[in-house]
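These are my notebook entries on one structure, kept in the order in which I looked things up.

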Amino acid sequence: MTEDESGQAPKLQEDARLASLDERLRQAQHDEAVRTGRTRKPADRNEQLGNRVLSYLIGGLLGGAAIGWALDQLFDTSPWLLLIMLFLGTAAGFWNIIKLSNRRPE
């Protein structure tokens, strides 16, 4: 590496090294973002709403079935409380979806 009279390296070589360093740094940051999963775009409102509706349906069915099964085991009324609670859980899931769909958009 040659030096001029001031004892500093020529500006052209320094800029090339800095540009190379910047490029390697950008590539490393991109690789890290891919590795950690931060390159995906966040979910939009419609996707969030669809996930909420699905969770109401599945939660109502599974919650009603679990509570009904537990009550059937406790009171030895198999399968009547399971069926009743399954129906009520499904109805509650649909009721939550109806309430959600009747909200005004922001």
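Before listing anything as buried, I fixed the term: a residue is buried at under 20% relative accessible area, exposed at over 50%, and partly exposed in between. With that cut-off, I found Gly60, Gly64, Gly68 and Asp72 buried in helix 2. I note that the model is a predicted one.

Entry 1, the chain as a whole. I looked up the confidence and recorded a mean pLDDT of 86 for the chain, with 87% of its residues at 70 or more. Among the elements, helix 3 has the highest mean pLDDT, 96, and helix 1 (residues 11–36) the lowest, 82. I counted three helices and zero strands; from the N terminus the order is α-α-α. Of the 106 residues in the chain, 10% are buried. I also checked contacts with a separation of 6 or more, and 42% of them join residues 24 or more positions apart.

Entry 2, helix 2. I compared its length with expectation: the 31 residues should span 45 Å at 1.5 Å a residue, and the end C-alpha atoms lie 44 Å apart, which agrees. I then asked what covers the buried residues of helix 2. The cover includes helix 3.

Entry 3, Asp72. This residue of helix 2 held my attention, as Asp72 is buried and yet has no salt bridge. In general, side chains of opposite charge can pair when their charged atoms come close. A salt bridge requires a side-chain nitrogen of Lys or Arg within 4 Å of a carboxyl oxygen of Asp or Glu. For Asp72, the nearest side chain of opposite charge is Lys99, 26 Å away. Leaving out residues up to four places away in sequence, I listed the contacts of Asp72 as Thr77, Ser78, Pro79, Trp80, Leu81 and Leu82.

Entry 4, the loop between helix 2 and helix 3. Asp76 lies in this loop and has a positive phi of about 55°, although Asp76 is not a glycine. Asp76 is exposed, at 67% relative accessible area. Further on, I found a cis peptide bond between Ser78 and Pro79, with omega at about -5°. Pro79 also belongs to the loop between helix 2 and helix 3.

Entry 5, helix 3. Residues 80–101 form this helix of 22 residues, which reaches 32 Å from first C-alpha to last, close to the 32 Å expected. Which residues of helix 3 are buried? I recorded Met85, Gly89, Gly93, Ile97 and Leu100. They lie on the same side of helix 3, because they cover an arc of only 120° around the axis. These buried residues pack against helix 2 (45–75). On the other side of helix 3, I found Trp80, Phe87, Trp95 and Ser101 exposed.

Entry 6, salt bridges. How many does the structure hold? I found two. In one, the side chains of Arg26 and Glu23 meet at 3.4 Å, N to O. Arg26 and Glu23 are three residues apart in helix 1, so about one helical turn separates them. Glu23 counts as partly exposed, at 42% relative accessibility. In the other, Glu32 pairs with Arg35, the closest N and O atoms being 2.7 Å apart. Glu32 and Arg35 also lie in helix 1, three residues apart, about one turn of the helix. Glu32 is partly exposed, with a relative accessible area of 31%, whereas Arg35 is exposed, at 63%.

Definitions and conventions: Residues numbered from 1 in each chain as written. Predicted model: local features only at pLDDT ≥ 70, side-chain atom pairs only at ≥ 80, totals over all residues. Heavy atoms only, no water. Expected span 1.5 Å × (residues − 1). Buried < 20%, exposed > 50% of the residue type's maximum accessible area, 1.4 Å probe, protein only. Arc of directions from axis to C-beta. Contact = heavy atoms within 4.5 Å. Lys, Arg positive; Asp, Glu negative; His and termini not counted. pLDDT = per-residue confidence, 0-100.
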